Amino acid sequence: MSRTFQDANLLQWEAYASGGEHGYAEPARIVFHCVSDRSLRARSIERQGDQADAEREIATSSEQELAELLGRASEVR
């Protein structure tokens, strides 16, 4: 499940949950991908729990809460 939202700079972002390495459930991450400016690198933030918990967080968070998570996320290398 993914969700799109707009940040303070009016950029559109897609947020989705990702499981751990090699398909293991932990640590879960929320990944942010900018759909309005593809030159920006993806960002991610580690979350507590498994991928289902991260999906639930995305589904229940407001756009402002997702933007705050994006602000704390690190670039994916």
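Let's start with confidence: among the elements of the chain, helix 2 has the highest mean pLDDT, 97, and helix 1 the lowest, 94. This is a predicted model, and over the whole chain the pLDDT averages 91, with 91% of the residues scoring at least 70. A word of care for the remainder: where pLDDT is low, the predicted coordinates should not be read in detail.

Now to the sheet. Five strands form an open sheet in the order 1-2-3-4-5, with antiparallel pairing. At its edges lie strand 1 (2–6) and strand 5 (74–75), each of which pairs on one side only. Strands of a sheet pair through backbone hydrogen bonds, either parallel or antiparallel.

You can walk across the sheet by following its bridges. Strand 2 and strand 3 are joined in the antiparallel sense by six bridges; one to look for links Tyr-16 with Val-31 in strand 3. From strand 3, five bridges lead on to strand 4, again antiparallel, and here Arg-29 stands opposite Glu-46 in strand 4. The last step, from strand 4 (residues 43–47) to strand 5, is antiparallel too and has two bridges. Ser-44 finds its bridge partner there in Ser-74 of strand 5.

With the sheet in view, add the helices. Helix 1 (residues 51–60) packs on the sheet and touches strand 1, strand 2 (12–18), strand 3 (28–34) and strand 4; the direction of helix 1 makes about 150° with that of strand 2. Helix 2 (residues 63–72) also packs on the sheet, touching strand 1, strand 2, strand 3, strand 4 and strand 5. The direction of helix 2 makes about 90° with that of strand 1.

What does this packing look like from strand 3? Five of the seven residues of strand 3 are buried, so this strand is largely enclosed by the rest of the structure. In soluble globular proteins, nonpolar side chains tend to be buried together. Here, the largest nonpolar core has 15 residues, and those touching the most other members are Phe-5, Trp-13, Ile-30, Phe-32, Ile-45 and Leu-69. Strand 2, strand 3, helix 1 and helix 2 are the elements that give two or more residues to this core, and strand 3 supplies the largest share, four residues.

Phe-5 is a good residue to zoom in on. Leaving aside residues up to four places away in sequence, Phe-5 touches Leu-11, Gln-12, Trp-13, Ala-15, Phe-32, Glu-63, Leu-66, Ala-67 and Leu-70. Two of these neighbours, Trp-13 and Phe-32, are named with Phe-5 among the core residues that touch the most other members.

Note on methods. Residues numbered from 1 in each chain as written. Predicted model: local features only at pLDDT ≥ 70, side-chain atom pairs only at ≥ 80, totals over all residues. Heavy atoms only, no water. Pairing = 2+ DSSP bridges. Contact = heavy atoms within 4.5 Å. Axes fitted to C-alpha atoms, helices over the stretch in contact; angles between N-to-C directions. pLDDT = per-residue confidence, 0-100. Buried < 20%, exposed > 50% of the residue type's maximum accessible area, 1.4 Å probe, protein only. Core = buried A, V, L, I, M, F, W, Y, C linked by side-chain atoms within 4.5 Å.
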